[in-house]
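Reader: I am new to this structure and would like a close look at a single part of it. Could you take one helix, go through it with care, and then follow its surroundings outward?

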Amino acid sequence: MRIYEAKDYEGMSRKAANIIAAQIVMKPDCVLGLATGSSPIGTYKRLIEGYENGDLDFSEVKSVNLDEYKGLSKENDQSYYYFMNEKLFRHVNIKPENTNLPDGLATDDDAECTRYDAVVAATGGIDLQLLGLGHNGHIGFNEPAQEYAKGTNCVALTQSTIDANSRLFEKAEDVPRFAYTMGVGTIMKARKILIIVSGADKAKIVRKAFFGPVTPEVPASILQFHNDVTIVGDEAALAEIQEFI
């Protein structure tokens, strides 16, 4: 496990974007596993700058996203499909047919989970998976549980996750209670994993997830068993693991 400390969110975003950019340059037809939420916005902004400067070419890149809210259409401005288009896809030359997310309007949960697992498998495997880290240790929407989910699954979001996401919705009751998420087993198959963390509110879970016991009660802790993990965090987020840096 490699750990890089940046001074602040901007520094974290720059370092993370450089790692993703290097992956694209090394393998122009790479498969990127992508994340949503506030953590990667700065990283995506830097990648867009790289494209606009002529340093990055997304024309052969394929992407598979971690998750999508159940019940939201692609047109809904809180859907992750909408987020990815606004924060990255429409600003670079990635082909729409090469971008993949779960279908939030699927009516058969089991069928949608099977379909999305097949989509990920058909890419040939994720070369680099970008992850954020939830306050309760969730990765994607894999919440604390009794066991790890292997493949894509439809999960009931915990109250802490609902509360964290409510700031993005007009009313708390508008926050979806369920989401489709790539399973922990699928995440662990990625060849490389890049975790980005920012802010003092993430410091305790960073220590617990990456230097505590491995348990499905802290989903991210399983990443301790992956052979190619990079953590990029700012000073505040890494404050409680200084002895390991």
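**Helix H2 and its surroundings**

Author: In this predicted model, helix H2 is followed by Gly54, a residue whose phi is positive, near 85°. The helix itself covers residues 41-52, twelve in number, and the distance from its first C-alpha to its last is 17 Å, which is close to the 16 Å expected at 1.5 Å a residue.

Several residues of H2 are buried, namely Gly42, Thr43, Tyr44, Leu47, Ile48 and Gly50. In an α-helix there are 3.6 residues a turn, so residues three or four places apart point the same way. The buried residues of H2 pack against two other helices, H1 (9-26) and H3 (80-87), and also against the strands S2, S6 and S9.

Of these strands, S6 (residues 128-131) is covered on both faces, with Leu128 and Leu130 buried on one side and Gln129 and Leu131 buried on the other. This arrangement can be read against a general pattern, in which the side chains of a regular strand alternate between the two faces of the sheet. S6 pairs in the parallel sense with strand S2 (residues 31-34) over two bridges, and within this pairing Leu32 stands opposite Leu128. S6 also runs parallel to strand S9 (residues 192-197), to which four bridges join it, and here Leu131 has Ile195 as its bridge partner in S9.

Leu47 of H2 and Ile195 of S9 appear again in the largest nonpolar core, which has 70 residues, since both are listed with Leu88, Phe210 and Leu223 as the residues with the most contacts inside that core. The element that gives the most to this core is H1, with six residues. Leu223, leaving out residues up to four places away in sequence, touches a set of residues that includes Leu131, Ile195 and Phe210, along with Met1 and Val229.

A little further along the chain, His226 lies in the loop between helix H7 (203-211) and strand S10 (229-234). With a relative accessible area of 10%, His226 counts as buried, because the limit for that term is under 20%. Apart from neighbours within four places in sequence, His226 is in contact with Met188, Ala190, Arg191, Lys192 and Ile193. Although His226 and Ala190 are 36 residues apart along the chain, their C-alpha atoms are separated by 9.0 Å.

Finally, there is the open space to consider. The largest pocket has a volume of about 560 Å³, and among the 28 residues that line it, those closest to its centre are Gly37, Leu133, Gly134, His138 and Lys202. Helix H5 (residues 159-165) gives the most to this lining, with four residues.

Notes
Residues numbered from 1 in each chain as written. Predicted model: local features only at pLDDT ≥ 70, side-chain atom pairs only at ≥ 80, totals over all residues. Heavy atoms only, no water. Buried < 20%, exposed > 50% of the residue type's maximum accessible area, 1.4 Å probe, protein only. Pairing = 2+ DSSP bridges. Expected span 1.5 Å × (residues − 1). Contact = heavy atoms within 4.5 Å. Core = buried A, V, L, I, M, F, W, Y, C linked by side-chain atoms within 4.5 Å. 1 Å grid on protein atoms, 1.4 Å probe; cavity = no way out; pocket = protein on both sides within 12 Å on 5 of 7 lines; lining within 4 Å. Points joined across faces, edges and corners; volume = space filled by probe spheres on them.
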